Amino acid sequence: MDTQNVYILAIESSCDDTAAAILKNDVVLANVVATQKIHEEYGGVVPELASRAHQQHIVPVVDQALKKAGITKEQLHGIAFTKGPGLMGSLLVGVSFAKSLAMSLNIPLLDVDHMQGHLLAHFIDGASIQKPTFPFLGITISGGHTQIVKITDHFEMEVIGQTIDDAIGEAFDKSAKTLGLPYPGGPLIDKYAQLGNPKAFVFSKPRVADLNFSFSGFKTAVLYFVQKQTKENPNFVQENLYDICASIQYSLTEIILDKVKKAVKQTGITTIAIGGGVSANSGIRNMLLSAEKKYNWQVHIPKFEYTTDNAAMIGIVGYFKYLKKEYADLSITASARTKF
Ligand code: KG4
Ligand code: ZN
C-alpha cells in the first residue's frame, strides 16, 4: 500500500445532490455530482423522491469518481460521509453505503458534518490556493443555512450568528417562485440581476438583533409587492423582471454585508471565508470583494464547484479527521440535525 499518500472516498447525500469525490491528501482527483432534476417539477425538494434518486445514483456516482481518479477501491484509506444535517432519508443512503463499503474494505469510516464541510472547503488543494489563516469568520449561506461561524482551528468552530427562520437560499428561491421562475431560482435571479437596476425597487431589511438573520418576512414582502404591482399592471413582472431580480439580490446582499460588518466589529477578525450554494452569487461575491478593499479585510471565496453541495468538501474534512485518527464507529448513524 502507498504510505505517502492518503486516498479518501467521500460521499455527500444530504439533500438533492448525490455526490462522490476522491482526494489524494488534500488534492481532489475526482468530484462527481449527480443533481436530481425530478424536484424541478415540484418547485422544491421532495424528500421521498430524493431518497429514491440517491439510491439509484450512488453506485454509478462512486464508480465514476473512482474511474476519474484512476484508482481502485482497494487503494482507498478511508471513507468519509455526511452524517448531517440534512434530510434523513437522503442521509441514510450515504451512511449505509459508506458503512458497508468501509466494512468490506476494512478501512476507517469518517463521519463529517455538512456545515463543517462548507467551511473547510477553503482548504481543498491547499498548496495551489491562498488558504484562510486562523482565526477567520466563516459565512455559510445556502438553501438550508445562514450562519456566521468563528473558526479558530480546523475543528474549533463556534456559531456566533444564524437565521431564526428561513435560510437566505430560500429567500432567493421563494422570491424566484413568486416571479414564476423555476426551482431553484437563486441562479436565475443572479443571471437576470446582472441586467437590471439594483436600486429600482426597495425591499425593507428585517430588524433582527445581534448577528442573527431573518428571511421569512423578506419573501412575504416580495410576494405582496408583486401582487400589488400585478393588480395595477398584469404584465408588471415580465416588463420589470431584470430590475426586480437586481433589487432582490441587492437587498439580500446588503443584509449579509451589514451582519458581516457587525461580526468583524464584534470579534476583531478581518479574515472572511464564504461557503454554501448562495456564495456562488455574483452580487454577494462582488460585494465582498469591494468590502475587502474598502475595509482592508481578507476575503476568501471558494472555487465555484466547491460552493454548492459537493463531496470534495466532505473529503477534506474526512482527510483531516483521518490524520487525527478520529474514526467513526460502525454503529454510527445519520442525524438530521447536528451541532458542532
Ligand atoms: O449549498 P447548497 O447547494 O445546498 C444546501 O445545502 O442548501 O445551496 C443551494 C442554494 C439554493 O437555494 C440555490 O438557489 C442557491 O444555493 N444558489 C444561488 C446561486 N447558486 C445557487 N443563489 C443565488 N445566486 C446563485 N448564483
Ligand atoms: Zn450545503
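What share of the 340 residues in the chain is buried? Buried residues make up 54% of them. Keep in mind that this is a predicted model.

**Whole chain**

Start with the full chain in view. Its C-alpha trace spans about 70 × 45 × 30 Å along the principal axes. A compact globule of 340 residues would have a radius of gyration near 20 Å, and the chain agrees, because its own value is 20 Å.

Switch to cartoon. You can pick out nine helices and 10 strands.

Now show contacts. Among those with a separation of 6 or more, 73% join residues 24 or more positions apart.

Turn on the surface next. The accessible area of the chain is about 15300 Å². Carbon and sulfur atoms hold 52% of that area.

**The zinc site**

Select the zinc ion (ligand 2). Three residues to display around the zinc ion are His114, His118 and Asp309. The histidines coordinate through NE2 and Asp309 through OD, at 2.1 to 2.2 Å.

Check the angles at the zinc ion. The four donor atoms subtend 91 to 153 degrees, so the arrangement is irregular. Four donors count as tetrahedral only if all angles lie between 85 and 135 degrees.

Look along the sequence. The donor residues follow the spacing H-x3-H-x190-D. His118 sits in helix H3 (residues 114-120). Asp309 sits in the loop between strand E10 (298-300) and helix H9 (312-323). The pair therefore ties together parts that are 191 residues apart in sequence.

Last stop: select His118 and Asp309 with the surface on. Both residues are buried.

How values were computed
Residues numbered from 1 in each chain as written. Chains lettered and ligands numbered in written order. Predicted model: local features only at pLDDT ≥ 70, side-chain atom pairs only at ≥ 80, totals over all residues. Heavy atoms only, no water. Donors = N, O, S within 2.8 Å, 3.2 Å for Na, K, Ca; no water. Tetrahedral: all angles 85-135°; square planar, octahedral: opposite > 155°, others 65-115°. Helix = DSSP H or I, 4+ residues; strand = E, 2+ residues; numbered from the N terminus. Buried < 20%, exposed > 50% of the residue type's maximum accessible area, 1.4 Å probe, protein only. Rg over C-alpha atoms; globule rule 2.2 N^0.38 Å. Contact = heavy atoms within 4.5 Å. Areas by Shrake-Rupley, 256 points an atom, 1.4 Å probe, with all protein chains shown as cover.
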